[in-house]
Amino acid sequence: MLCNRPIIVALLMLLIPLPTQARDLSSLFEGTWVGTGWVRPSIFGKKRKTRCRVRGQERARGEAGFSGRCATANRTVKFAFSIKFHDRRKSVTARTRFGKRNEAYDFSGRHHAKGIDLAIDRPFAQNGRTLNSNISIIYLKNDRFAITEIIRDQDTGEVSKAIALTFSH
Amino acid sequence: MAGLNAVMGTVTALIQRSPLRVLLLLIPVLVVAVVGAGRITFDDGHRTVFTSSQIEYRDYLAFARNFSRNDNNVAVLISGSELLTGDDITHIHDLALDIHLIDGVDSVFSLFSLQHFDPENGEMIPLVEPGVPETGIRAALETAREPSYSGWSAVSTDLRETVMVISFEDAMEDLTRAAPALSELSRIALHTREKSGLEVSVTGLLPIRTQVIEGIKADQQWVNLVGAGFGFLVSLLFFRNVRIALLNGVAPVVALLLYLGFLGLSGLSIDVVNNTLPVLILVLASSDCTHMTYEIRRQYRQSGDLSAAIGNAVGDLAPACILTSLTTALAFASLFYSDTGIVRNFALAGVVGVTIALVAILTVHPLVFALAARFGFLRSTMSGTIRTQSPAIWPSRMFKTLLARRHVISAAGIVLCLCLLIAFLPVRTSYQFNENIDPANALVKTMDRVEAIAGPISSIDIPFALAPDLEPVSPTVLEEAQKIHTALEEMEGVHSVVSLQTIVRFLKAHDRPVNTTTVSDVLDLLPERYLHRIIGRDGKTLLFSAAVGNVDSQALRRFSEAITMKLAGMDFRALTPSRPTGLLTMGAHISDTMIRQLVVSFLIAAGVCSLLIGIWFRRLDFAVAAILPNILPIAAVGAWMTISGANVQFTSALALTIAFGIAVDDTVHVFNRLSLENGHRRNRLSFRTVSAAMARVGPALTTTTCILSAGLFAVVMSGMPMVRYFGALCIFTFFLALLADLFLLPALVGMTASEDDQEEEP
């Protein structure tokens, strides 16, 4: 289900625009973003149309925070997310919390000219499976971003495209 | 009294000596009042109306802390002209998505919330989704018609309409916080309507409360204006002079402004209870100002000295004005007997308002006339011959006839009053949540339609405490929950029940095994709001909600008692029932106590006012005679409400107390005139004195009753039915009181009066 997945983290990551310097990136998170697309709440199950509304703000140089909600027609998930940009080797770290139990998930990766690539630091468990998550954020024209998440079952190798969303102001 | 006269004499002399200086002092006060009036806040009273020390309120608070409430639910009705199609489903789906994202929305129940088990994937999936083939839509909608885990049905029987129930966060109970969310919801609804051609309507307690506040604001804008206008027209009718009618209206308008300024500066809100106070203050001040204007004109025509006329009129009428204000203030003060915050605030606002009106009458009214006299356009207006005979409408021979038949009339009055009191008491009360909004209002009609489809949105809620050693989902608890659920369902008038048993039935309907694991799994899937409509936040209480629809408070109390008795006859091991609670139940019980307390307040006011009159005039015969003519109208109106089945509502109980406080003013003016005619002596009155006094004061009483009634007639413009009802009751009571003062009071006074023209020495 939507609330059991750490994918939401990624949604927030993609709100980040073009500059590659940490201090420039974090300053561009301000504002309200609306996302449309789909998610697979049960990861390997059916797709569900989704909309998101998130608000971002810069907390410090190179650090930003986001909060908001994503909804399918029968469920809303609230979340909070923070991201740090490190100039050294263009690395990125992030943490998200969401769902009923407010679980925390940590991600790390790199940012580049076309976007950001992230991988979950530790696999997570759901419905008896051990899963890894990889998120790609791609910068689009007209101040928009697309995000996709690929979930892989560590044991069976099964792969699912779990998220596809586009965000704009 | 001599001291009072001396003080009033000094004040009036000061006003007449330097009217311009007094005006200069008044102007900054008026400026502050205007600033204060601009800061007035409005409150529908929903959060405060039942705040009290009563046990039902404490039960409700405990319930609200532990369980989710339905108070902040908003319903959206989506209607198509025919069976909902695939495109309609897509548009409704988009609407649900957008609604979910509104800040303040906690959860949304819609036809997309309904799930069924997909054996192919081994998971629960939505029953209805965009993209379902047209051939499958009818079947899915027919399944969605059945009541769900929430107790609500999502689709109408003809499959043309669907309902969404939006639960807002508890903080949205504050309408200033809910306003942006409601506004965005309206915008989204309009967008869907335009895009899809479907009819989308929004209703629920939050929109209704918002509309009540808009109604209160509109009332303040228009009712006061129209009240002042009507008061002016009546003054014009009686004085037959535009200038006098205009001058007569200045002090009341100043009193209104000062009162509104007080409200704004003190932080007291205008709510559904005190909404009528501003226009009441206006008409009260108008009434006394009319008495004074009459007297100024009469004195001027007698003496030809305008300055002396103003001073003498104030001196003669000030005691009566002070006493009438005291009796009205006492009527308001009697409401402090209630332990409900909103009624006590009404009492405070009323006492202060009446005091402000009195100050305006005794200072601003003579000031207005002093200024008009100084600028010279009053003398010709006020001059004219004095009628040596009473107006034909109330000839003195009529009062002589009444005095001659005083025994019969007094006895008939007593018997009638007793009969009416017997019919009135014990009081039968009535309260409904939507009584402050018109039944023809679109929100109410949509709510009726929503409840016809989804079932009642409101419920009687019964918390059950778990035995200490048991978990909420355990075999013993599930077994007992089934018995309780079934017992409640079987009760007449209960539409549906939501409890843990609802989850068990959901599993059985989908051929799933029922055990603690499967039940817990389903509970885990529920949005938190729905979970806490079944299991308390403390994890130690279960809730059983019986949906009963929008019935009045009497029926609700009977339901509540029937449920308590039914549960008392059952044997429990795992669960212990608490008293039924919830917003409906609390309202039904507390409103009954509140209304009864208001009736007691009236009785207190009646007793104390009579005592005050006796002490003021230092005459026992006045105190005794004051009782019947003022209780009789109230008893008559109360008896009518009981016999007609309308019963006593919150507003009508308030109206009776306030109308009494105002109606007794006429009696005070009669006694004041009697006292003046008798030279303020305490000896036995004569028939001649009584009939002369009545003939003289009769026209003034009639005028002031017409002014009061005309001013209050303005409330028929109110968009709120209870305000209109309040106005109608007060007007009816005023005219009954006028008749009682004109026909019964002389007879009662005559019981201790002397028939001889020669007055007895004390």
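**Notes on chains A and B**

1. A good place to start is a hairpin in chain A, where two residues connect β6(A) to β7(A). Please keep in mind that this is a predicted model, in which local features need pLDDT of at least 70 and side-chain atom pairs count only at pLDDT 80 or more, while totals for chains, interfaces and linings use all residues. Residues are numbered from 1 along each chain as its sequence is written, chains are lettered from A and ligands numbered from 1 in the order in which they are written, and side-chain values use heavy atoms, with hydrogens and water left out.

2. Let me stay with those two strands. β6 (residues 103-112) and β7 (residues 115-120) of chain A are antiparallel and share six bridges; strands here are DSSP runs (E, at least two residues), helices are runs of H or I with at least four residues, and both are numbered from the N terminus. Two strands count as paired if DSSP finds at least two bridges between them. Within this pair, G115(A) of β7(A) is the residue opposite H112(A). β7(A) also pairs with β9 (residues 129-140) of chain A, again in the antiparallel sense, over five bridges, and there D117(A) has S136(A) as its bridge partner.

3. Earlier in chain A, β3 (residues 63-72) and β4 (residues 75-86) run antiparallel and are joined by ten bridges. A hairpin of two residues leads from β3(A) to β4(A), and G65(A) is bridged to S82(A) in β4(A). β4(A) then has eight bridges to β5 (residues 91-98) of chain A, also antiparallel. In that pairing, F79(A) is matched with F98(A) of β5(A).

4. Now to chain B, where an open sheet of four strands follows the order β2-β5-β1-β6, with antiparallel pairing. At its edges are β2 (105-109) and β6 (199-204) of chain B, each pairing on one side only. Direction ignored, neighbouring strands of this sheet are turned by 20 degrees against each other on average. β1 (residues 73-79) of chain B runs antiparallel to β6(B), with six bridges between them, and S79(B) sits opposite E199(B) of β6(B).

5. Two helices are worth viewing against that sheet. α7 (residues 205-239) of chain B lies across β1, β5 (161-168) and β6 of chain B, at about 75 degrees to β6(B); axes are lines fitted to C-alpha atoms, for helices over the stretch in contact, and angles run from 0 to 180 degrees between N-to-C directions. α15 (residues 442-454) of chain B lies across β1, β5 and β6 of chain B too, running at about 95 degrees to β6(B).

6. Another open sheet of chain B has four strands in the order β8-β9-β7-β10, paired antiparallel. β8 (496-498) and β10 (575-577) of chain B are the edge strands with a single partner strand each, so one side of each has no neighbour in the sheet. From one strand to the next, the twist averages 25 degrees. Seven bridges hold the antiparallel pair of β7 (residues 459-466) and β9 (residues 541-547) of chain B, with A465(B) bridged to T541(B) in β9(B). Helix α20 (residues 553-568) of chain B packs on this sheet, touching β7 and β10 of chain B, and its direction makes about 25 degrees with that of β7(B).

7. How do the chains meet? Contact (heavy atoms within 4.5 Å) involves 28 residues of chain B and 22 residues of chain A. About 2100 Å² is buried between chain B and chain A, 41% of it from carbon and sulfur atoms. In chain B, the residues that lose the most area to chain A are L97(B), H100(B) and L101(B), together 31% of what that side buries. Buried area is the accessible area (1.4 Å probe) that two parts lose on being put together, summed over both.

8. There are seven salt bridges across this interface (side-chain nitrogen of Lys or Arg within 4 Å of a carboxyl oxygen of Asp or Glu) by the rule used. One of them links D94(B) and K49(A), with the closest N and O atoms 2.5 Å apart.

9. The rule also finds 14 residue pairs in polar contact across the interface of chain B and chain A, both residues at pLDDT 80 or more. On the side of chain B that touches chain A, α4 (86-100), β4 (123-126) and α18 (516-525) of chain B each supply at least two residues. α4(B) gives the most, with six residues. That side divides into twelve nonpolar, seven polar and nine charged residues. A polar contact is a pair of N or O atoms within 3.5 Å; within protein, one must be able to donate a hydrogen and the other to accept it, and residues adjacent in sequence count only if both atoms are side-chain atoms. Ala, Val, Leu, Ile, Met, Phe, Trp, Tyr, Cys and Pro count as nonpolar, Asp, Glu, Lys and Arg as charged, and the others, Gly among them, as polar.
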